[in-house]
Amino acid sequence: MLAGASGKGYTRISNAMKKYGKNIFFSICEWGIENPATWARGMGGNSWRTTADIADNWDSMTSRADQNDRWASYAGPGGWNDPDMLEVGNGGMSEAEYRSHFSIWALAKAPLLIGCDVRSMSPQTKIIISNWEVIAVNQDRLGVQGKKVQSDAGLEVWAGPLSGNRKAVVLWNRQGYQATITAHWSNVGLPASVSVTARDLWAHSSFSAQGQLSASVAPHDCKMYVLTPK
């Protein structure tokens, strides 16, 4: 549904929902054509599509991530940017690519809408979409969308704040070769002298770090961490 220049096409829906007097999640979809991040919250929207429909391939997924990132400052408790559903488990991407897909959507506080057939999903798909530590980042009560904070020829760092003065960090390798990616504290919002406990959300293990965090990341894969200052 197209809304018109200022979202007026959704006014009747919003008013009707208010009259009904019930809590209803209002998901607005006009495929990001009219920049709904700038007006959908005012229409009572709880989420709004920021992109065209996603397809189950690497190029589509990465482009949706980049398009959604543009609107990070508009998201927050009660209203979220939506780069479309998850393609995890539909067969068009590798396990590494699906892990990246799920991690970036979680960091971006996007609605985690499962798009595969859960009746026939593989064990690996189940591991990805049920990773409670990654889901906890998505559901963090602070509600701030993480965003791309560092990029060097497809070697990227995405990060955002969490409750309790913690930081969520994703090291994302968008290249076709193994590479070391380093997140510097200055880019993720930490003082250079701070020591942290780094929790690896996919390996489910912890270690200490100070000043920066480096990891070797496989092609099209990612590493995801929660950093807790000591």
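This report walks through a predicted protein model, from its strands and helices to its core.

Because the model is predicted, local features are described only at pLDDT of at least 70 and side-chain atom pairs only at pLDDT 80 or more, while totals for chains, interfaces and linings use all residues. Residues are numbered from 1 along each chain as its sequence is written, and side-chain values use heavy atoms, with hydrogens and water left out.

**The three-stranded sheet**

Let us start with a small sheet. Helices (H or I, at least four residues) and strands (E, at least two) are DSSP runs numbered from the N terminus. Three strands form an open sheet in the order β1-β2-β3, with parallel pairing. Its edge strands, β1 (27-28) and β3 (80-82), each pair on one side only. Two strands count as paired if DSSP finds at least two bridges between them. Two bridges link β1 to β2 (residues 47-49), and these strands run parallel. Isoleucine 28 has tryptophan 48 in β2 as its bridge partner.

Proline 36 sits in the loop between β1 and β2. Is this proline buried or exposed? Buried means under 20% relative accessible area, exposed over 50%, and partly exposed in between (1.4 Å probe, protein chains only). Proline 36 counts as buried because its relative accessible area is 2%. Contact here means heavy atoms within 4.5 Å. Not counting residues up to four places away in sequence, proline 36 touches Glu30, Trp48 and Arg49. The C-alpha atoms of proline 36 and tyrosine 74 are 9.7 Å apart in space, although the two residues are 38 apart in sequence.

**Two helices**

Next come helices α2 and α3. The expected span of a helix is 1.5 Å times one less than its number of residues. The table sets out how each helix fits that rule.

| Helix | Residues | Number of residues | Expected span | C-alpha to C-alpha, end to end |
|---|---|---|---|---|
| α2 | 58-69 | 12 | 16 Å | 17 Å |
| α3 | 95-107 | 13 | 18 Å | 18 Å |

At the N-terminal end of α2, asparagine 57 acts as a cap: one of its side-chain oxygens lies 3.3 Å from the backbone nitrogen of aspartate 59. The buried residues of α2 include Trp58, Met61, Thr62 and Ala65. Their cover includes β3, α3, β4 (147-152), β5 and β6.

Threonine 62 is a good place to pause in α2. Its relative accessibility is 7%, so threonine 62 counts as buried. The side chain of threonine 62 reaches the backbone oxygen of aspartate 59 at 3.2 Å. Beyond its neighbours within four places in sequence, threonine 62 is in contact with Trp172 and Arg174.

Helix α3 is mostly covered, with 12 of its 13 residues buried. Among them is serine 100, which counts as buried because its relative accessibility is 0%. The side chains of serine 100 and tryptophan 172 are joined by a polar contact of 3.2 Å. Such a contact is a pair of N or O atoms within 3.5 Å; within protein, one must be able to donate a hydrogen and the other to accept it, and residues adjacent in sequence count only if both atoms are side-chain atoms. Setting aside neighbours within four places in sequence, serine 100 is in contact with Trp172, His220, Asp221 and Cys222. After α3 comes lysine 109, whose phi is positive, near 60°.

**The annotated span and the core**

UniProt, in an unreviewed entry, lists residues 153-227 as "domain: Alpha galactosidase C-terminal". This span is 5% helix and 61% strand, and its end C-alpha atoms lie 25 Å apart.

Strands β5 and β6 run antiparallel and are joined by eight bridges. Alanine 159 has valine 169 in β6 as its bridge partner. Their hairpin has three residues between the strands, and glycine 164 takes a positive phi near 70° there. Six bridges join β6 to β11, again antiparallel. Seven of the eight residues of β6 are buried.

Which residues have the most contacts inside the largest nonpolar core? They are Phe102, Trp105, Val170, Trp172 and Met224, in a core of 28 residues. Contributors of at least two residues each include α2, α3, β5 (155-162), β6 (166-173) and β11 (222-229). Helix α3 gives the most to this core, with six residues. A nonpolar core is a set of buried Ala, Val, Leu, Ile, Met, Phe, Trp, Tyr and Cys residues joined through side-chain atoms within 4.5 Å.

Methods: UniProt positions are given in the numbering used here, feature names are shortened, and annotations may be inferred rather than shown by experiment.
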